Amino acid sequence: MAGPIAGLGYYEKSARTSFGVFSSVLKARFRIVSRYKGALLMELFMPIVFAALPILLGVSIASGGVDVGQNWKDTTGTADFKAYMLIGSSTFMVVMLMTWLVGFWLRREMVSGTLESVWVSPAKKYLIIGGVTGYALIRAFVAFVLSFVLGSFVFGINLFQGNMLMAAMFILVGLLPLWGISFMFGALILRIKEADSIINLLQWVLSFFMGVFFPITVLPGFLRLIAQSFPPTWMTNGVRAALLDVSFFFETWYLDLAMILVFAAVFPLMGYGIFIATERRMKKTQGMGMY
Amino acid sequence: MSAGGTIHRGFGLSDLGLRQTFYTFLSMSKKTVVEFSRYPVSFVATFAQTLMILAMFMLAAIVFMGSESGLSELAGIMVYGFILNMFLIFVLWEIGFSIREEQYRGTLESLYLSPANKFSNLISRVFAIGSWTVVMVIAALAIVNYYVGGLPANDVMLALFVLFFSITGILGIGFVVSAIVLRLKESAELLVSVLQFFFMIFCAMFFPFYALPDEILNYVSRWIPLSYGVDSFRSILVGQTPELIANVGIEIVIVVLFGILSPLIGYFLYKYNERKARLEGSLAEY
């Protein structure tokens with residue numbers, strides 16, 4: 001075993017130990033969540049329930065003699081409003097999980113009084129947070145796929161329409177900027193601690209601007225601009241365009257994907273920068289142990 | 001202290017009369033109001049969230065309809081159902097889930113050792129959020145009313161009568177949830193979430209009942225008393241024939257019975273579970 005390093009104890013700084021930190025955090029998170037099977041099940045059904053509400057609204061309007069399919073097609077490009085809603089609510093679930101899981105982890109560590117202990121360990125912070133966000137990333141992707149498949153059966157949606165590979169690519173690339181957003185939510189929790197209601201609100205703001213239940217083209221110009229500055233909006237539209245007859249924002253898939261890649265390059269760096277700046281400030285002013 | 005200063009066995013100098021019940025309610029309500037006042041951002045966030053949800057459904061409805069004509073009646077159906085949904089959500093979370101919070105904080109057992117009236121204790125949990133919900137409902141109604149150019153509002157007094165008994169009925173559901181929370185502990189959050197969505201869909205709170213498949217309508221929705229509360233409340237205000245039973249009078253009778261019986265049955269179940277938990281010594285366990 002290597003000798004003690006000043007400030008790091010017996011911690012050996014190598015690729016192996018770095019991966020060890022990352023994988024331990026990841027493993028711990030999955031082990032903990034495996035104890036809450038009900039919560040996992042809920043994750044599968046939530047997007048279906050969310051999608052059911054506007055779908056039933058559409059069905060009720062249709063039974064009044066209105067051609068909702070045509071109306072929906074005129075605005076969005078597709079008459080399949082059920083698939084449109086299900087994709088919207090499934091991607092919303094991805095956003096919710098990515099933002100909340102990181103925030104929830106921080107908050108739980110604060111309340112349990114273990115955050116400070118984690119912070120004073122010689123393990124690199126980005127590896128610990130990387131483990132948590134990696135866990136959120138995997139959980140969100142699996143939740144999306146399973147809830148979409150299950151929802152397709154419930155609503156009688158053709159699962160094999162459109163380009164599924166492209167849709168998966170939009171989701172996977174779209175998760176990267178969300179990774180950055182999750183750091184920002186983490187910083188918010190560090191700063192204001194009891195941030196549940198604000199996070200809830202922000203999640204609804206995101207869902208509003210990413211057009212979960214409606215195309216953002218119905219929004220006024222300035223709101224549409226705000227919506228298009230949110231990476232999840234591009235991810236949702238990309239998945240819809242890949243699977244349904246909805247058009248891409250830039251007309252071609254590669255330009256839309258390129259835009260998400262730009263977000264993917266900027267948001268994680270920006271998010272991590274904000275998180276680290278907040279963390280430093282907390283350490284100087286009140287410490288990490290307060291909650 | 002009681003009139004004669006009698007010391008009751010197990011109750012000390014506590015007065016078990018109506019006065020004590022009222023003061024327990026008042027003190028506990030004051031405590032929840034103080035607690036809530038410490039989180040002003042939370043109030044604003046809840047209100048903004050409410051408007052966000054409404055806006056999302058309204059925009060979806062506009063795209064479905066292709067134009068804004070006829071939006072007023074549809075908005076009425078959505079918003080009036082949404083009002084009951086808001087009361088339901090807050091009662092479920094505040095009564096049901098606050099018991100869980102007391103367990104978690106370790107104050108539930110201390111509360112039960114005090115001679116304070118348990119009914120007042122339960123009811124007081126919704127006082128603060130109930131009052132805030134009323135404010136939010138009025139504000140949301142005003143905004144939607146302005147946006148759609150006037151919501152239908154036919155017999156407001158009768159609708160308020162139905163709303164009152166629907167809310168007391170919802171309180172009963174809250175008591176039942178609290179009873180189950182005492183037993184379920186950590187799974188309480190999941191139960192409340194599931195119930196919230198169950199009622200949202202099967203009581204057709206955001207859409208007319210005829211959107212539901214016949215099997216669900218006949219074998220689920222019609223068997224939930226709250227469905228009649230939703231149906232009669234909005235059909236009275238919108239001025240249309242109720243969907244579940246064509247005679248609104250019969251629906252109102254069901255709602256009144258629900259409003260009276262549900263809290264009684266719910267409280268009975270709560271007391272039963274509470275006694276069981278006390279006998280087992282599991283009240284403080286979490």
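Select A:Glu251 to begin: this residue lies in the loop between helix H10 (231-243) and helix H11 (253-285) of chain A, where helices (H or I, at least four residues) are DSSP runs numbered from the N terminus. Its phi is near 70 degrees, a positive value in a residue other than glycine. A:Glu251 has a relative accessible area of 62% and is therefore exposed (over 50%; buried is under 20% and partly exposed in between, with a 1.4 Å probe and protein chains only).

The model is predicted: local features need pLDDT of at least 70, side-chain atom pairs count only at pLDDT 80 or more, and totals for chains, interfaces and linings use all residues. Residues are numbered from 1 along each chain as its sequence is written, chains are lettered from A and ligands numbered from 1 in the order in which they are written, and side-chain values use heavy atoms, with hydrogens and water left out.

Next, move to chain B and select B:Ala204, in the loop between helix H7 (188-202) and helix H8 (214-219). B:Ala204 also has a positive phi, about 45 degrees, although it is not a glycine. Its relative accessible area is 0%, so B:Ala204 is buried.

Remain in chain B for B:Leu108, which belongs to helix H4 (residues 108-113). B:Leu108 is buried, at 0% relative accessibility. Display B:Leu283 as well: the two residues are 175 apart in sequence, yet their C-alpha atoms are 7.2 Å apart in space.

Return to chain A and select helix H4 (residues 81-112), whose 32 residues reach 44 Å from the first C-alpha to the last, close to the 46 Å expected at 1.5 Å a residue (1.5 Å times one less than the number of residues). Centre on A:Trp100, where H4(A) bends by about 25 degrees (the angle between axes fitted to the seven residues ending there and the seven starting there). Because 26 of its 32 residues are buried, H4(A) is largely enclosed by the rest of the structure. Just after H4(A) comes A:Gly113, with a positive phi near 80 degrees.

Add helix H6 (residues 125-155) of chain A: its axis and that of H4(A) come within 9 Å and cross at roughly 155 degrees (lines fitted to C-alpha atoms over the stretch in contact, with angles from 0 to 180 degrees between N-to-C directions). H4(A) and H6(A) are therefore roughly antiparallel (over 145 degrees).

Finish with helices H7 (residues 164-192) and H8 (residues 196-209) of chain A, which pack at about 155 degrees with their axes 11 Å apart. H7(A) and H8(A) are therefore roughly antiparallel to each other.

Terms used:
Helices (H or I, at least four residues) and strands (E, at least two) are DSSP runs, numbered from the N terminus. Angles under 35 degrees count as roughly parallel, over 145 as roughly antiparallel, 65 to 115 as roughly perpendicular and the rest as oblique.
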